[in-house]
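Reader: I'm new to reading protein models. Could you walk me through this one, feature by feature?

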Amino acid sequence: MSLARGRPYLAIPGPSVMPDRVLNAMHRPAPDIYAGALHEMTASLFPDLRAIARTGQHVAIYIANGHGAWEAANTNLFSRGDRALSLVTGAFGASWANAVERLGVRVDRIDFGRSAAVDPGRVEQALAADRGHEIKVVLLTQVDTASTVRNDVVAIRAAMDAVRHPALLAVDCIASLACDPFEMDLWGVDVMVGASQKGLMTPPGLGFVWFSDRALERCKGSDLRTPYWDWTRRAFADEYWENFCGTAPTHHLYGLREALTMIVHEEGLEAAWHRHRTLARAIWAAVEAWGQGGDIALNIADPLARGHSVTSVRLGGAATRLRAWCAEQAGVTLGIGLGMEDASDDWLRIAHMGHVNAHMTLGVLSVIESGLAALGVPHGAGALDAAVAVIAAG
Ligand SMILES: *Cc1c(COP(=O)(O)O)cnc(C)c1O
């Protein structure tokens with residue numbers, strides 16, 4: 001008999017759990033797009049979007065998923081024949097590099113595997129070797145959602161500065177936005193890419209590109225820029241419709257308004273970062289305990305290289321069965337493994353991004369442990385106690 005009836009929990013890394021408040025804010029008749037409340041509400045989004053990126057610079061909104069936000073950044077950044085350096089730590093970083101390359105940009109890749117962060121020393125070497133300063137942009141993923149590796153943006157910026165390389169630094173923050181600490185201006189990031197459906201707790205469909213004065217200036221002549229993706233028109237719109245290059249994504253904007261109120265004005269961004277870090281540590285503690293008595297392990301050994309919004313777990317040969325048990329018997333859907341080198345049946349991902357709290361996290365861990373027991377998958381004892389201790393310590 002299934003115990004799944006009740007509120008289901010979709011613990012996959014995007015789309016994330018949507019608060020009822022966000023859904024309710026969207027449940028309204030179509031608003032007038034030519035004047036009135038929609039215009040005022042939209043204007044209120046921009047300061048909050050700057051706040052979550054920690055920037056006083058520019059932001060453009062797109063009706064797009066994360067791939068669309070990549071394309072927006074790419075077409076503004078590059079001209080055909082430009083060169084980029086891509087730092088790959090998982091399947092999403094690899095995909096971004098491929099998307100850039102398909103536009104006719106020459107992409108140098110440094111691949112750090114699937115279980116380790118970018119080594120800033122190798123970035124420094126690669127940039128030092130580029131004596132003619134041909135590399136225009138360094139592409140980095142803060143948290144690669146497939147491997148769940150988190151990169152040290154500050155150290156990579158320092159490596160670029162150490163060799164006085166003028167390349168722009170562009171960071172994909174789609175999985176980490178409002179979950180992991182990020183400081184666009186303080187850290188010297190030129191371009192940052194985000195999307196609505198992960199830490200921002202809003203349905204998929206909005207993409208964001210933040211960009212610095214330096215990027216604006218340096219990319220004025222980019223010949224891949226098309227009218228629709230042009231960030232200048234969207235960020236510096238004279239008329240309302242130019243913000244979206246056409247009809248506004250009205251209901252998504254109302255949902256986003258509510259989500260930003262919850263994150264920026266009620267909880268506070270730093271408290272949201274702290275919440276994600278603590279919930280992540282509870283999950284890591286549990287997985288480490290299971291691993292003491294079975295073929296179960298975190299993908300990333302170094303805690304400093306783990307994202308705070310999603311955790312990739314190796315579960316030798318049992319991942320598919322465990323995911324099915326959790327969904328069918330307990331109402332929890334875990335993420336599939338993605339882009340790892342060995343069989344997909346060895347991997348799953350637990351998402352803990354956005355609208356998640358202590359009881360949801362402890363619930364997911366208890367369900368996983370129940371599934372391990374029910375399926376006879378060997379695992380160490382004490383995982384739930386370890387997670388409880390993290391939560392109790394706050
Ligand atoms: C989810 C994600 C993407 C892709 O976003 P889509 O909305 O699926 O196109 C890209 N990069 C990262 C880091 C992500 O987490």
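Author: Happily! Let's begin with Pro15, which is placed in the loop between strand S1 (9-11) and H1. Please keep in mind that this is a predicted model.

Reader: What joins Gly14 and Pro15?

Author: Here is the general idea first: most peptide bonds are trans, and most residues other than glycine have a negative phi. In this model, the bond joining Gly14 and Pro15 is a cis peptide bond, with omega at about -5°.

Reader: You mentioned phi as well. What is phi of Thr148?

Author: For Thr148, phi is near 70°, a positive value in a residue other than glycine. To find Thr148, look in the loop between strand S5 (135-141) and helix H6 (153-162).

Reader: Now for empty space. How would I look for it, and how many cavities of 30 Å³ or more are there?

Author: Rolling a probe the size of a water molecule over the atoms shows where empty space is left. Searching the whole structure this way turns up one cavity of 30 Å³ or more. The largest cavity holds about 30 Å³ of space.

Reader: Which residues line the largest cavity?

Author: Thr148 is back again, together with Trp284, Leu298, Asn299, Ile300, Arg306, Thr311 and Ser312. By class, this lining has three nonpolar residues, four polar and one charged.

Reader: And pockets? How much space lies in the largest pocket?

Author: The largest pocket contains about 470 Å³ of space. Its lining is made of 23 residues, and those nearest the centre are Arg7, Val17, His355, His359 and Met360.

Reader: Which helix gives the most to the lining of the largest pocket?

Author: That is H12, with five residues. At least two lining residues come from each of helix H1 (20-26), helix H9 (250-267) and helix H12 (358-375). Sorted by class, the lining of the largest pocket has 13 nonpolar residues, five polar and five charged.

Reader: Let's turn to the ligand. Where does the ligand sit?

Author: You'll find the ligand in the second largest pocket. Around the ligand are 13 residues, and the closest are His67, Thr145, Asp172, Gln197 and Lys198. Helix H3 (residues 66-77) provides the largest share of this shell, three residues.

Reader: How many residues of the shell around the ligand are nonpolar, polar and charged?

Author: The shell has five nonpolar, six polar and two charged residues.

Reader: How do I read the polar contacts of the ligand?

Author: Look for N or O atoms paired within 3.5 Å. An N or O atom in the side chain of Thr145 is 2.2 Å from an oxygen atom of the ligand. Lys198 has a polar side-chain atom 2.6 Å from a ligand oxygen, and for the side chain of Asn65 the distance from an N or O atom to an oxygen of the ligand is 3.5 Å.

Reader: How much of the ligand does the protein bury?

Author: The protein buries 90% of the 380 Å² that the ligand exposes when taken alone.

Note on methods. Residues are numbered from 1 along each chain as its sequence is written. This is a predicted model: local features need pLDDT of at least 70, side-chain atom pairs count only at pLDDT 80 or more; totals for chains, interfaces and linings use all residues. Side-chain values use heavy atoms; hydrogens and water are left out. A residue is near a molecule or strand if one of its heavy atoms lies within 4 Å of it. A polar contact is a pair of N or O atoms within 3.5 Å; within protein, one must be able to donate a hydrogen and the other to accept it, and residues adjacent in sequence count only if both atoms are side-chain atoms. Accessible areas come from the Shrake-Rupley method with a 1.4 Å probe; for residues, only the protein chains shown count as cover. On a 1 Å grid over the protein atoms alone, a cavity is a set of points where a 1.4 Å probe fits but cannot get out, and a pocket is an open set with protein on both sides within 12 Å along at least five of seven lines; lining residues have an atom within 4 Å of a point. A molecule sits in a cavity or pocket if more than half of its atoms lie within 2 Å of its grid points. Helices (H or I, at least four residues) and strands (E, at least two) are DSSP runs, numbered from the N terminus. Ala, Val, Leu, Ile, Met, Phe, Trp, Tyr, Cys and Pro count as nonpolar, Asp, Glu, Lys and Arg as charged, and the others, Gly among them, as polar. Grid points are joined across faces, edges and corners, and a volume is the space filled by probe spheres set on the points.
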